[in-house]
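Biologist: Please show me the model. I would like to go through the empty spaces in it afterwards.

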Amino acid sequence: MAYTKTLWVEDSLPDVTAAQLNRIEQGIADAHAGGTIPFVTSLPISPFDGQEVYFVADATNGVVWHLKYRNADPTFYRWQYIGGPPLAASDATTRAVATAGAWQDTAVSLAVTLPLAGDYDFGTDAHFVPSSGGYLVSGVFNAANAALTGQYGGYTETDLHNEMRVTGVAAGVVKVKYYSSGGTTATVGQRKFDATPVRVG
Amino acid sequence: MSYTKTTWVDDDGSYLVGTRFTAARGNNIEQGIADAHSGVAIPFVTTLPASPVDGQQVFFVADANNGVVWQLKYRAADPSAYKWQYVGGAGLRNVVSTGNSDETTTSTTYTNLPTAGPSITVPLAGDYDMEFDVESFRNDGGAGTDAYIAFQHGASAAATAERISNGSGQLVPGSAHRRWTSLVASDVIQAKYAVSGGTGRFRGQRTMKVTPVRVG
C-alpha cells in the first residue's frame, strides 16, 4: 500500500512517539518485501518521473505489466514497459482461408484487446498451407481493418514465426488476418498471436 | 533518487555528542520511504554506476527515442565481467522493408543488400540474444543454389556456421535466434547476404531484435 508521510516540523506536533516510529518501521519493511508498488487497472492521472505501477492488462488471464514512468520520453507514451507476459490468443484448429484475393478473417478470429495505446511488439505463429500455385500471407490489423504490420508468408507449406514492432497503436482489438493469392484450399493452423508493450500511455 | 542516510549517534548524557531527531532528518526518512514505495528510488541512468554494490538496481535507458528501458540488477558473484543482469524491458529493434519488391545479390561473400540491414548497435558490453526474421527469400539459380543470411556481430564477420539458407527455389520465410557473448559497447549486429551461385532474392520486411542477457 502507499506510504503516508508525516511532515515533521521543529517544536510542533506530532511528537516522536512509538506509533510514529512503528509506522516508519512498517514502511521500510513493506519496501523490503517488495509489495509497495501498486496493482492498477488504469494509469495514474498525475504521474511523476520514475513512478512505477503493476498494470493489470488482463485480469482473467493473469497478465500484469510492470511499467515505469519516464518523463523524458519524447512521445505521449511515457510508461515504459519493464516486464510481464504478453497478451496472447491461440487456436490450434486448422481454419480455411477460402476466399482468394482479399484480406480476410478466419471463422474464429485470432485477436487480443490492447488495454492501452502505445508501441507494441506483435508476434504471430501459424502453420501455413497455401493453395496450389498461390501464396498465403498474414498481417496484423486493428478494429477498423487498417493494416498495422507487413505481410508474412509465402508459396510453400511452412511453420512461420514472426515479430514486428508497431508504433502508435490505439487501444482496442487487434487481430490477425490472412490473404490468399489464388485457389480456395488455403488453410492456417496451430495459430498463436501475442502482444507485448514497449511503451504505453 | 538515491537516499542519503543519516548516521545516528546516541546521546552520552553530556549533551556534547549525539544526533538530534530534527524535522529535517525526520522528513528525510519519510521521503526515502515514500520514494521506495513509489519506485522513484531506483533511478533511470544512461551510464552504469561506477561503483555498484551487490543487488543494486537501475533502469538503463537503452534507446531514449524509442522508449526502450532495461531493468538491470548487479550481481557481484557473476563470474564474468558483465555483472549487471537483465531482468526486464523491451528489446532494441530495427526493421527494413522493401514491400513486395525483391532485393538481390549475386555475391558469394556476405554483403549488404541495396537496403542494408537490419542492424542494431549495442549500448553496453555484454552478452546478448538476437532474433531475426525475413518475410521471404530464395535463390532463382535453380537446384543446388542457395541464398544465405548470416550476421556480423562486432569484430566477428558474418559466418557460414551461423547462417540460415534456402535452396528450394521457392520463397520461404526465414528466422534465426542467436546468443553472442562478450560483445563490446557500440558493437554493431548486422544481417549480411550471400549466395552459393545464381541470384539471391530477399523480399519484404527484415526485422531484428536484440535483448541483453548480462552487461557491464
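Biologist: Which element supplies the largest share of the lining of the second largest cavity?
Modeller: In this predicted model, a cavity is a set of points on a 1 Å grid over the protein atoms alone where a 1.4 Å probe fits but cannot get out, and its lining residues have an atom within 4 Å of a point. The second largest cavity is lined by A:L110, A:T124, A:D125, A:A126, A:F128, A:S138, A:L160, A:V176, A:Y178 and A:K192. Two strands of chain A (strands are DSSP runs of E, at least two residues, numbered from the N terminus) give two or more of these, β8 and β12 (172-180). The largest share, 4 residues, comes from β8(A).

Biologist: What pLDDT do side-chain atom pairs need to count?
Modeller: Residues are numbered from 1 along each chain as written, chains are lettered from A and ligands numbered from 1 in the order written, and side-chain values use heavy atoms without hydrogens or water. Totals for chains, interfaces and linings use all residues, local features need pLDDT of at least 70, and side-chain atom pairs count only at pLDDT 80 or more.

Biologist: How many charged residues are in the lining of the largest cavity?
Modeller: That cavity has a volume of about 60 Å³, taken as the space filled by probe spheres set on grid points joined across faces, edges and corners. Among its lining residues are A:F122, A:G139, A:Y152 and A:M164, and β9(A) gives the most, with 3 residues. Ala, Val, Leu, Ile, Met, Phe, Trp, Tyr, Cys and Pro count as nonpolar, Asp, Glu, Lys and Arg as charged, and the others, Gly among them, as polar. By that scheme the lining has 4 nonpolar and 6 polar residues, and the number of charged ones is none.

Biologist: Which element gives the most residues to the lining of the largest pocket?
Modeller: A pocket is an open set of points with protein on both sides within 12 Å along at least five of seven lines, and the largest one holds about 1000 Å³. Of its 30 lining residues, those closest to the centre are B:Y3, B:G32, B:A36, B:A41 and B:I42. Both chains contribute elements with at least two lining residues, α1 (18-33) and β2 (52-58) from chain A, and α1 (23-38) and β3 (68-74) from chain B; the helices here are DSSP runs of H or I, at least four residues. With 7 residues, the one that gives the most is α1(B).

Biologist: Which chain B element gives two or more residues to the lining of the second largest pocket?
Modeller: This pocket has about 240 Å³ of space. It is lined by 16 residues, and closest to its centre are A:Y81, A:D121, A:E163, A:T196 and B:K209. Chain A adds two or more residues from β8 (118-129) and from β13 (186-200), and chain B does so from β12 (200-215).

Biologist: Is B:V9 buried, partly exposed or exposed?
Modeller: B:V9 lies in the segment before α1 of chain B, and with B:L16 and B:V17 it makes a nonpolar surface patch of about 300 Å². Such a patch joins nonpolar side chains within 5 Å, from residues with over 30% relative accessible area and no salt bridge (a side-chain nitrogen of Lys or Arg within 4 Å of a carboxyl oxygen of Asp or Glu). Under 20% is buried, over 50% is exposed, and in between is partly exposed. Because its relative accessible area is 43%, B:V9 is partly exposed.

Technical notes: Patches are made of residues with over 30% relative accessible area and no salt bridge: like charges are joined within 9 Å, nonpolar side chains (Val, Leu, Ile, Met, Phe, Trp, Tyr) within 5 Å. Accessible areas come from the Shrake-Rupley method with a 1.4 Å probe; for residues, only the protein chains shown count as cover. Buried means under 20% relative accessible area, exposed over 50%, partly exposed in between (1.4 Å probe, protein chains only).
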